[in-house]
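Visitor: I have a model open on my screen and would like a tour. Could we go through it together, one question at a time?

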Amino acid sequence: MPFARLASATTPTCHIGLGLAAVGRPGYINLGRDQDLPPDRSVEALRARTHELLDAAYAQGVRYFDVARSYGRSEEFLADWLKARPSFDDIVVGSKWGYTYTADWSTEAEQHEVKDHGLLTYERQRAETDSLLGDRLDLYQIHSVTPDSPALTDKELHAKLAEAAAQGVSVGFSTSGPAQAAAIRAALAVTVDGEPLFRTVQSTYNALETSAGPALAEAHDAGLTVIVKEGMANGRLAEPHAPDALKAVAEATSLGCDAVALALVLRQPWAGVVLSGAATTNQLASNLHAAVVDLEEEQLARLATLVEDPHAYWDRRAQLPWH
């Protein structure tokens with residue numbers, strides 16, 4: 001497992017990863033992103049911003065980087081950065097397939113990505129990923145598995161994924177939606193030749209949406225590495241959008257709402273890697289303070305009051321505009 005590299009790391013930030021969803025394409029649903037990025041959203045401007053973030057993250061101990069075929073040019077930006085730094089051999093790279101980016105570098109597109117978990121999409125996108133990341137790819141994940149995803153039952157696809165695993169690429173999946181727990185448990189049951197297929201799971205878990213927690217604990221107990229995405233709830237847990245209870249706890253710790261929100265996730269015993277989706281180096285530095293936040297029981301009790309019904313949470317997420 002490539003994540004064994006992180007287990008041997010000693011920096012406090014080694015369990016925080018950097019996801020490039022917010023900077024690999026000109027449009028995304030994070031709140032405040034229109035202020036976070038420069039007016040120039042050209043390919044070269046976002047390439048430069050991505051490289052700036054990657055440099056800052058690596059310098060501060062981050063070793064896991066997360067991209068996807070649907071994150072615009074995120075794989076390309078990361079590949080360029082890696083090629084210029086061949087000595088950085090302690091990095092773990094994860095990408096995802098299953099969504100195709102369709103916005104053609106526009107923030108005004110009617111549809112920014114199209115989902116398809118079929119074998120043909122896997123083969124096409126795997127070739128595209130390989131052409132960019134080559135042997136730097138450590139983990140390939142099915143993007144946003146739901147309980148009705150054909151990826152859970154397609155035996156031919158499972159055989160292809162097992163073949164990739166035999167060649168050294170770890171195989172994982174991510175989840176989205178109010179039924180994440182059911183999707184996780186269904187994926188844990190997928191086997192090829194009697195062996196579990198998946199070695200990692202990436203799910204949404206944050207102060208507002210905790211419903212996947214028990215299933216993620218089961219995945220961890222089954223030997224999977226758990227990666228947590230959207231720990232900031234697409235900006236809803238950052239200033240100035242954060243709820244009052246989170247602001248109060250942040251004030252008591254003398255750190256940002258973002259650091260507290262991510263610390264809440266980091267303290268889960270099953271959380272292997274927690275992703276930062278920072279779009280600026282200042283945001284990243286603030287996010288990384290999560291590694292040193294020590295939350296007291298009274299503060300945890302206050303944060304527990306923020307939990308929403310998962311259907312309400314995902315309904316609200318679906319209404320967030322692309323900026």
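Visitor: In which sense do β7 and strand β10 pair, and over how many bridges?
Guide: Happy to help, and please keep in mind that this is a predicted model. In β10, which spans residues 200-204, valine 201 is the bridge partner of phenylalanine 173. The pairing of β7 with β10 is parallel, over three bridges.

Visitor: And what is the handedness of the crossover from β6 to β7?
Guide: Strand β6 (residues 139-145) also pairs with β7 in the parallel sense, over five bridges. One bridge partner pair there is valine 145 and threonine 175 of β7. From β6 the chain passes through helix α6 (residues 155-166) to reach β7, and this β-α-β crossover is right-handed.

Visitor: How many residues of β7 are buried?
Guide: In a regular strand, side chains alternate between the two faces of the sheet. On one side of β7 sit Ser170, Gly172 and Ser174, on the other Val171, Phe173 and Thr175, and both faces are covered. Buried here means under 20% relative accessible area, and the count for β7 (residues 170-175) is six of six.

Visitor: Within what arc do the buried residues of α9 fall?
Guide: In helix α9 (residues 244-253), the buried residues are Ala245, Leu246, Val249, Ala250 and Thr253. Seen down the helix axis they line one face, because they fall within an arc of 135°.

Visitor: Which residues are exposed on the other side of α9?
Guide: The buried residues of α9 have cover that includes α10 (257-266) and α12 (297-304). On the other side of α9, the exposed residues are Asp244, Glu251 and Ala252.

How values were computed. Residues numbered from 1 in each chain as written. Predicted model: local features only at pLDDT ≥ 70, side-chain atom pairs only at ≥ 80, totals over all residues. Heavy atoms only, no water. Buried < 20%, exposed > 50% of the residue type's maximum accessible area, 1.4 Å probe, protein only. Helix = DSSP H or I, 4+ residues; strand = E, 2+ residues; numbered from the N terminus. Pairing = 2+ DSSP bridges. Right-handed = clockwise from strand over helix to strand, strands pointing away. Arc of directions from axis to C-beta. Contact = heavy atoms within 4.5 Å.
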